[in-house]
Amino acid sequence: MKMTLVLRLGAVSARAEKDAKDIYRDKCAVCHGADGAGKTAKGKKLKIKDVHETSTKMKAEEMMKIVETGKTPDMDAYGKDCSKGQIKELVEYYRGLAK
């Protein structure tokens, strides 16, 4: 009985953690666009750079720091909402949009 409960709780928590694509759609796409081009209304207003430009000029580690701590004044920090692993996967997903 105890083992079954532990397994069920583990499955629930694994499902509760969103994947990078879902997080990107929820938190990033409004500015960066679904394709990473930054051509959304908000992205144009904030002068968001295209993922192709950003991914060649910035290292993944720099991007992860920005996702974690935010970028004043326009980008929120997501370090409290996302685990380090999620942030890493999110940056990998974003950089993958340039391919």
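# Notebook: helices, pocket and ring pairs

I began with the secondary structure and counted six helices and zero strands in the chain. The model is a predicted one, and I read it as such. Along the sequence I noted the pattern α-α-α-α-α-α. I then looked up burial: 25% of the 99 residues of the chain count as buried.

**Entry: the largest pocket**

I looked up the space in the largest pocket and found about 690 Å³. Its lining is made of 28 residues. I listed those that lie nearest the centre: His32, Ile48, Ile66, Lys71 and Met75.

Which helices supply at least two residues each to this lining? I wrote down H2 (20–32), H3 (41–46), H4 (51–57), H5 (60–69) and H6 (84–96). H2 gives the largest share, with six residues.

I also sorted the lining of the largest pocket by residue class. I got 16 nonpolar residues, nine charged and three polar.

**Entry: aromatic pairs**

I searched the whole structure for aromatic pairs and two came up. One of them joins Tyr24 and Tyr93, with 5.4 Å from centre to centre and 55 degrees between the planes, and it is tilted. I checked where the two partners sit: Tyr24 is in helix H2 and Tyr93 in helix H6, 69 residues apart, so the pair links distant parts of the chain.

Is Tyr24 buried or exposed? Its relative accessibility is 2%, and because buried means under 20%, Tyr24 counts as buried. For Tyr93 I read 24% relative accessibility, which is over that cut-off but not over 50%, so Tyr93 counts as partly exposed.

I followed the ring pairs further and reached Tyr94: the pairs link Tyr24, Tyr93 and Tyr94 into a cluster.

**Entry: helix H6**

H6 supplies at least two residues of the pocket lining and holds Tyr93 of the tilted pair, which made it my next stop. I looked up its length and found 13 residues. From its first C-alpha to its last, H6 reaches 18 Å, close to the 18 Å expected at 1.5 Å a residue.

Which residues of H6 are buried? I noted Gln86, Ile87, Leu90, Val91 and Tyr94. Why do I say that they line one face of the helix? Seen down the axis of H6, the buried residues fall within an arc of 135 degrees, so they line one face. Tyr94, one of these buried residues, is also a member of the ring cluster with Tyr24 and Tyr93.

Methods
Residues are numbered from 1 along each chain as its sequence is written. This is a predicted model: local features need pLDDT of at least 70, side-chain atom pairs count only at pLDDT 80 or more; totals for chains, interfaces and linings use all residues. Side-chain values use heavy atoms; hydrogens and water are left out. On a 1 Å grid over the protein atoms alone, a cavity is a set of points where a 1.4 Å probe fits but cannot get out, and a pocket is an open set with protein on both sides within 12 Å along at least five of seven lines; lining residues have an atom within 4 Å of a point. Grid points are joined across faces, edges and corners, and a volume is the space filled by probe spheres set on the points. Helices (H or I, at least four residues) and strands (E, at least two) are DSSP runs, numbered from the N terminus. Ala, Val, Leu, Ile, Met, Phe, Trp, Tyr, Cys and Pro count as nonpolar, Asp, Glu, Lys and Arg as charged, and the others, Gly among them, as polar. Rings of Phe, Tyr and Trp (its six-membered ring) pair if their centres lie within 6.5 Å; planes under 30 degrees apart count as stacked, over 60 as edge-to-face and the rest as tilted. Buried means under 20% relative accessible area, exposed over 50%, partly exposed in between (1.4 Å probe, protein chains only). The expected span of a helix is 1.5 Å times one less than its number of residues. The arc is that of the directions from the helix axis to the C-beta atoms.
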